[in-house]
Amino acid sequence: MTTKQDLRIIFKEKRNVLFKHGKIDEISSIICEKLISLIGFYKARHILTFYPKGAELDTRRLLDKNIFAVLEHSKECCIKSFQNIDTTGTNAIKENYIHQKTFWHNINFYLPLCKGNKMFACPYKPGDELLLSRFKIYEPTTKPVLDVKILDMVITPALCADKNFNRLGYGGGFYDRFFANPALRAKRVVIIPDDMLIEAIPANEYDKKCDIIVTEKRILEADEQI
């Protein structure tokens with residue numbers, strides 16, 4: 001049987017190959033577009049994501065407010081074409097646009113901070129100070145949130161995931177312990193390249209399943225595909 005450590009070696013190498021060929025940036029861009037759709041679909045306002053290290057998928061596009069400006073511009077173009085028409089339908093479009101614009105401007109992002117064997121969620125906005133941790137990961141300097149119930153979504157890194165919604169991390173157990181908190185109600189979203197979605201990963205009682213898997217080709221939730 002293939003062990004977790006075997007899988008880590010295999011998929012670190014696969015990911016490194018993708019990175020060397022410039023594929024990680026391309027896959028990250030597509031996945032971020034899918035994540036934006038998920039955020040809107042679930043009306044998630046408080047989102048814990050991660051700052052990429054090395055060949056990891058890059059979610060920094062989500063933290064860049066310019067991405068929302070681009071989305072809003074496309075909606076504004078649509079609204080302007082109806083601005084001189086007074087009908088119930090177009091009024092509804094305008095009201096929906098205003099609602100969406102307010103929604104995107106009220107999204108709050110958080111980054112993980114690891115202390116001891118625990119992980120915390122700290123508020124983060126573009127320009128905030130980040131410090132390099134003992135794991136060589138950039139971490140926030142803001143104060144951790146006291147109640148994780150505020151979180152609506154946790155975007156989680158992984159080396160691979162399986163069709164039973166198990167994820168394989170680096171072996172530190174930080175996310176599994178974070179997910180074990182009974183107060184956490186957030187959707188647990190794992191992002192991986194599609195080639196790293198496999199049939200099965202060895203799992204035990206301490207391994208916490210994710211709710212959603214996002215690749216550049218598909219979004220899987222529970223037992224159905226979105």
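Start by selecting residues 160-162, strand β7, together with β8: the two strands pair in the antiparallel sense over 2 bridges. Strands here are DSSP runs of E with at least two residues, helices are runs of H or I with at least four, and both are numbered from the N terminus. Two strands count as paired if DSSP finds at least two bridges between them. Before you go on, note that this is a predicted model: local features need pLDDT of at least 70 and side-chain atom pairs count only at pLDDT 80 or more, while totals for chains, interfaces and linings use all residues. Residues are numbered from 1 along each chain as its sequence is written, and side-chain values use heavy atoms, with hydrogens and water left out.

**Stop 1: around β7 and β8**

Click on C160 and look across to β8, where its bridge partner is L168. Now add β10 to the selection, and you have an open sheet of 3 strands in the order β8-β7-β10, with mixed pairing. The edges are β8 (167-168) and β10 (197-198); each has a single partner strand, so one side of each is left without a neighbour in the sheet.

Next, select F165 in the loop between β7 and β8. Its phi is near 70 degrees, a positive value in a residue other than glycine. Most residues other than glycine have a negative phi. Is F165 buried or exposed? With a relative accessible area of 8%, F165 is buried; that label means under 20%, exposed means over 50%, and partly exposed is in between (1.4 Å probe, protein chains only).

**Stop 2: a loop to compare**

Move to K136, in the loop between β4 (130-132) and β5 (138-140). K136 also has a positive phi, near 65 degrees, and is not a glycine. At 56% relative accessibility, K136 counts as exposed.

**Stop 3: β2 and its partners**

Select residues 108-115, which make up strand β2. How many of its 8 residues are buried? The count is 6, so β2 is mostly covered.

Show strand β1 (residues 46-48) as well: β1 and β2 pair in the parallel sense over 3 bridges. Within that pairing, L48 stands opposite Y110 in β2. Then add strand β3 (residues 118-124), which pairs with β2 in the antiparallel sense over 7 bridges. L113 is a good residue to label here, since its bridge partner in β3 is F120. β2 and β3 form a hairpin with 2 residues between them, and G116 in the turn has a positive phi of about 65 degrees.

**Stop 4: two helices that cross**

Select helix α1 (residues 4-20) and then α2; their axes come within 5 Å and cross at roughly 95 degrees. That makes α1 roughly perpendicular to α2, a label for angles of 65 to 115 degrees (under 35 is roughly parallel, over 145 roughly antiparallel, and the rest oblique). The axes are lines fitted to C-alpha atoms over the stretch in contact, with angles running from 0 to 180 degrees between N-to-C directions. To see the contact (heavy atoms within 4.5 Å), show the side chains of R15, L18 and F19 of α1 and K23, I24 and I27 of α2.

**Stop 5: salt bridges**

How many salt bridges does the structure hold? There are 10, each being a side-chain nitrogen of Lys or Arg within 4 Å of a carboxyl oxygen of Asp or Glu. Three to visit:

- R61 and D25 meet at 2.7 Å, N to O. The pair links distant parts of the chain, with R61 in helix α3 (residues 60-63) and D25 in helix α2 (residues 23-42), 36 residues apart. R61 is partly exposed at 23% relative accessibility, and D25 is partly exposed at 47%.
- K187 and E221 meet at 3.3 Å, N to O. K187 lies in strand β9 (residues 187-191) and E221 in strand β12 (residues 219-221), so the pair ties together parts that are 34 residues apart in sequence. K187 is partly exposed at 26%, whereas E221 is buried at 13%.
- K125 and D128 have their closest N and O atoms 3.3 Å apart. K125 is exposed, with a relative accessible area of 51%.

**Last stop: the whole chain**

Zoom out to take in 6 helices and 13 strands. Of the 226 residues, 43% count as buried.
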